[in-house]
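Here is a friendly walk through the model you are about to see. Take a moment to look it over, and then we can go through it together.

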Amino acid sequence: MGKRRLALCAGVLAVTAFGPAACAAYAADGGDVSVVPAAPAPGADIALRVTGCDAREAVAQSPALVSAARLTPDDGDGLAGDGRVRSTVTAGTYTVTVACDGTEHKGTVEVVRKHIPAAGAEPSAHPSPVAPVNAGGGGAARVLADGRERHGPGAAQTVVALALAGTAALTVHRAARRQARRGRGTG
């Protein structure tokens with residue numbers, strides 16, 4: 001999946017996950033230019049999409065963006081591309097303009113200030129997992145911590161392995177004998 005599609009899909013998932021308020025902000029101006037997420041912080045990456053444009057390429061511009069964003073055809077009936085919000089932009093609502101086939105399409109992006117927790121305040125979510133995951137060496141560590149060390153397969157596993165190896169050897173031997181008989185009979 002391309003970077004643009006991945007960014008657009010991730011953005012749509014984010015909008016869906018944040019509920020009706022985010023969806024309302026997504027379509028607030030009723031224009032045919034959409035920005036995902038609709039309320040990014042300064043320095044954030046955004047996905048832009050315009051509908052109703054028959055061109056093969058367009059450019060989205062906004063005072064909130066670092067530079068003009070190039071839009072190319074997406075899977076639907078529009079053009080899509082990526083942009084980045086300037087890290088120095090102040091919070092507020094900015095117009096996004098896309099010039100396409102002599103028509104100007106407009107939308108908005110509402111830049112929000114970054115949330116900086118107060119000094120000494122506890123974060124509302126843990127910055128990393130709080131429970132161990134049984135994967136890789138982590139799962140093996142519990143077995144080793146029991147103090148029981150296992151060295152190689154047990155007797156039952158050895159018997160099964162030898163029986164399987166013997167069956168395989170017998171099958172190969174029989175196939176080779178059959179092949180040899182066929183070779184002698186046709187010569």
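Between which two strands is the loop where P37 is found? P37 lies in the loop between β1 (33-36) and β2 (45-51). This is a predicted model, and in it a cis peptide bond, with omega of about -5 degrees, joins V36 and P37. For context, most peptide bonds are trans.

Stepping back, the protein has four helices and seven strands, and along the sequence they follow the pattern α-α-β-β-β-β-β-β-β-α-α. The seven strands form an open, antiparallel sheet in the order β1-β2-β5-β4-β3-β6-β7. Because β1 and β7 (103-111) stand at the edges with a single partner strand each, one side of each is left without a neighbour in the sheet. On average, neighbouring strands of this sheet are turned by 25 degrees against each other, direction ignored.

At the β7 edge, nine bridges join β7 to strand β6 (residues 92-100), and the two run antiparallel. Within this pairing, V98 has H105 in β7 as its bridge partner.

Some overall values for the protein:

| Property | Value |
|---|---|
| Buried residues | 24% of 187 residues |
| Contacts joining residues at least 24 apart, among those at least 6 apart in sequence | 53% |
| Exposed area | about 13,100 Å² |
| Share of exposed area from carbon and sulfur atoms | 58% |

How confident is the predictor? The average pLDDT is 75, and 62% of the residues score at least 70. Over residues 6-30, pLDDT stays under 50, and the model has 22 contacts beyond four places in sequence for them.

Definitions and conventions: Residues numbered from 1 in each chain as written. Predicted model: local features only at pLDDT ≥ 70, side-chain atom pairs only at ≥ 80, totals over all residues. Heavy atoms only, no water. Buried < 20%, exposed > 50% of the residue type's maximum accessible area, 1.4 Å probe, protein only. Contact = heavy atoms within 4.5 Å. Areas by Shrake-Rupley, 256 points an atom, 1.4 Å probe, with all protein chains shown as cover. pLDDT = per-residue confidence, 0-100. Pairing = 2+ DSSP bridges. Axes fitted to C-alpha atoms, helices over the stretch in contact; angles between N-to-C directions.
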